[in-house]
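Colleague: I should like to request a close look at a single part of this structure. Please set out its surroundings in one connected account.

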Amino acid sequence: MKLLIITNNPNRASFRQRIGIYLETLAVNGIECKTAVLPSGCLARHKLFKEAGGFDGVFLHKKCLNPIDAYNLKKYCRKLIFNYDDAIMYSDKRPDRLSLSHLIPFRRTARIADMIIAGSTYLAAQSQKLNSNVKVLPIGLNTDNYIVKKDQAKDGKICLVWIGSESTLDYLGQIKPVLEEIGKRFDNVILRIIGDAFFDLENMPVEKHLWSKDSRAYNLTTSDIGLGPLPSNPFTEGKCSFKILEYSCSGLPVVASPVGTNSVFVKDGITGFLVGNHQEWLDRLAQLIEDSQLRLNMGQAGVMSAKEFDVKIIGQQFSEFIYHFLKHRDHGK
């Protein structure tokens with residue numbers, strides 16, 4: 001079977017985590033993939049969509065179509081799979097307002113798809129009224145790429161860690177008052193930010209590490225507590241919380257907001273804590289800072305929990321979704 005994957009950017013993290021890590025698994029399961037970047041010009045797009053007819057199906061990654069593109073792609077492709085792992089039907093800038101520029105293209109694309117694969121039940125619910133063939137597939141990660149924390153730092157330092165990009169740094173910034181208070185209470189606590197943008201705190205030292213594929217695992221395993229703050233709004237409820245799995249896979253307890261798949265990936269009281277306000281953030285962080293055994297126990301439980309989302313498991317589910325769908329050519333919406 002041949003599958004044409006269409007994306008805006010194969011180098012973005014979303015593509016790597018949602019599709020790139022599964023290409024080998026797809027090939028092993030008899031699905032040959034070709035990745036194409038969606039061109040900007042109308043003629044180039046029309047040419048690409050026409051070429052789609054030579055494939056058993058098209059996998060459209062996180063791209064909502066305008067009327068002309070929707071018509072042409074549906075005209076030429078045999079089967080259309082629409083995949084998204086963010087709340088692309090909402091604006092991340094103004095998530096509480098109805099954004100027709102996001103919603104209308106999303107609905108148009110969801111309606112013409114023959115199958116939809118969404119990253120969470122919340123995201124799936126956004127299209128289930130528009131399409132009867134919607135699957136849920138959580139994000140996965142390669143657990144072999146992480147180093148499990150086994151020892152506490154001998155210098156007595158406790159490292160809070162957050163990993164993310166500039167576009168989401170404001171989420172961490174929203175718990176600055178908590179971090180400042182923790183810094184006042186404990187003189188042995190530091191904040192480590194792994195990403196491409198940073199900020200400083202008045203009462204707590206901040207370590208700034210540029211994200212790197214080579215150093216990420218080490219920077220996580222030498223930390224102590226993973227942070228996953230998220231505000232609650234229609235856009236963030238669609239977050240698939242890859243960082244939470246990274247923390248757990250590294251043997252770290254996690255303190256996170258009960259938003260998006262945080263509520264799925266964090267087993268409250270077992271692998272970490274789900275917290276709803278600043279006081280809960282303070283209480284739970286202080287509890288973990290003061291109790292090294294609790295950090296160890298939750299970290300070990302997190303490692304076991306993260307294994308449920310290993311690429312070998314999620315990749316096989318992904319391949320089966322696509323293989324069986326393409327095999328049954330008479331199966332539609």
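Is Thr-109 buried or exposed, and why?

Modeller: The model is a predicted one. Thr-109 has 0% relative accessibility and therefore counts as buried, the cut-off being under 20%. The residue belongs to helix α5, which spans residues 100-112. Leaving out residues up to four places away in sequence, Thr-109 touches Leu-60, Lys-63, Cys-64, Leu-65 and Phe-82.

One of these partners, Phe-82, leads to strand β4. Phe-82 points one way from β4 together with Leu-80 and Tyr-84, while Ile-81 and Asn-83 point the other way. This can be set beside a general pattern: side chains in a regular strand alternate between the two faces of the sheet. Five of the five residues of β4 (residues 80-84) are buried, so the strand is largely enclosed by the rest of the structure.

Strand β4 has parallel neighbours. Four bridges join strand β3 (residues 57-61) to β4, and Phe-59 has Ile-81 as its bridge partner there. Between these strands the chain passes through helix α4 (residues 67-76), in a β-α-β crossover that is right-handed. Four bridges also join β4 to strand β5 (residues 115-118), where Met-115 stands opposite Ile-81. The chain crosses from β4 to β5 through α5, again as a right-handed β-α-β crossover.

Ile-81 and Phe-59 are also among the contacts of Ile-322, as are Leu-3, Leu-26, Ile-31 and Ile-117, neighbours within four places in sequence being set aside. Ile-322, with Leu-172 and Leu-191, has the most contacts inside the largest nonpolar core, which has 68 residues.

Methods. Residues are numbered from 1 along each chain as its sequence is written. This is a predicted model: local features need pLDDT of at least 70, side-chain atom pairs count only at pLDDT 80 or more; totals for chains, interfaces and linings use all residues. Side-chain values use heavy atoms; hydrogens and water are left out. Helices (H or I, at least four residues) and strands (E, at least two) are DSSP runs, numbered from the N terminus. Buried means under 20% relative accessible area, exposed over 50%, partly exposed in between (1.4 Å probe, protein chains only). Contact means heavy atoms within 4.5 Å. A nonpolar core is a set of buried Ala, Val, Leu, Ile, Met, Phe, Trp, Tyr and Cys residues joined through side-chain atoms within 4.5 Å. Two strands pair if DSSP finds at least two bridges between them. A crossover is right-handed if, with the strands pointing away from the viewer, the path from the first strand over the helix to the second runs clockwise.
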